[in-house]
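Hi there,

Here is the structure I promised to pass along. Could you have a look at it before reading my notes underneath?

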Amino acid sequence: MLFRRRGGDPEFPKGDRGRGSLADYRFDLLPANGGTAIRLAGSDPHQDLLRDIVGAEPVETAIARRTDEEERTDAPLPVRIFVDGRIVGPVGRVPRGLEGVVNEALSRLDMAGRKPRIPVRIVATRQGVRVDLLMGETR
């Protein structure tokens with residue numbers, strides 16, 4: 001793609017913009033492969049909280065569906081996580097443009113009779129602790 005937008009959400013510092021691409025998904029927003037992931041944006045303010053849960057297993061999302069009003073105004077999609085039997089967060093938000101992918105994954109899980117929670121990996125990087133949504137595991 002010639003004019004592919006890189007760099008994530010410009011509202012955040014360069015190391016905290018998140019990562020993901022619609023090119024990683026098929027036409028029906030199904031992840032193209034099992035390794036597809038989205039790195040959340042806006043995790044810098046939540047570093048203390050994230051450091052406490054590095055290495056915890058299992059970790060899943062606890063994402064509230066957007067209301068019709070939030071959908072109309074294209075409001076950000078904050079992400080909380082479910083770890084050790086409690087909901088923690090928010091720990092970041094879905095990068096701009098990928099909200100539909102996450103909503104579709106939650107719907108797909110719900111329709112399949114599974115818990116509408118996306119598996120998460122907490123990753124320590126040079127820029128700090130980051131949150132990856134393991135979208136490929138929702139296939």
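Below is what I found in it, starting with the sheet and then moving to one residue in a helix. Please keep in mind that this is a predicted model.

**The sheet**

Three strands make up an open sheet, ordered β1-β6-β5, with antiparallel pairing. β1 (38-39) and β5 are the edge strands, and each has a single partner, so one side of each is left without a neighbour in the sheet.

On one side of the order, β5 (residues 120-125) pairs with β6 (residues 128-133) through six bridges in the antiparallel sense. The two strands are connected by a hairpin of two residues, and Thr125 sits opposite Gly128 of β6. On the other side, β1 and β6 also run antiparallel, joined by two bridges. Ile38 has Leu133 in β6 as its bridge partner.

As a general reminder, strands of a sheet pair through backbone hydrogen bonds, in either a parallel or an antiparallel way.

**Glu99**

Glu99 belongs to helix α3, which spans residues 99-111. Is Glu99 buried or exposed? Its relative accessibility is 5%, and because buried means under 20%, Glu99 counts as buried.

What does Glu99 touch, leaving aside residues up to four places away in sequence? The contacts are Arg66, Asp74, Leu77 and Val94. There is also a polar atom of the Glu99 side chain 3.0 Å from the backbone nitrogen of Gly97.

Happy to talk any of this through whenever it suits you.

Best wishes

Technical notes. Residues are numbered from 1 along each chain as its sequence is written. This is a predicted model: local features need pLDDT of at least 70, side-chain atom pairs count only at pLDDT 80 or more; totals for chains, interfaces and linings use all residues. Side-chain values use heavy atoms; hydrogens and water are left out. Helices (H or I, at least four residues) and strands (E, at least two) are DSSP runs, numbered from the N terminus. Buried means under 20% relative accessible area, exposed over 50%, partly exposed in between (1.4 Å probe, protein chains only). A polar contact is a pair of N or O atoms within 3.5 Å; within protein, one must be able to donate a hydrogen and the other to accept it, and residues adjacent in sequence count only if both atoms are side-chain atoms. Contact means heavy atoms within 4.5 Å. Two strands pair if DSSP finds at least two bridges between them.
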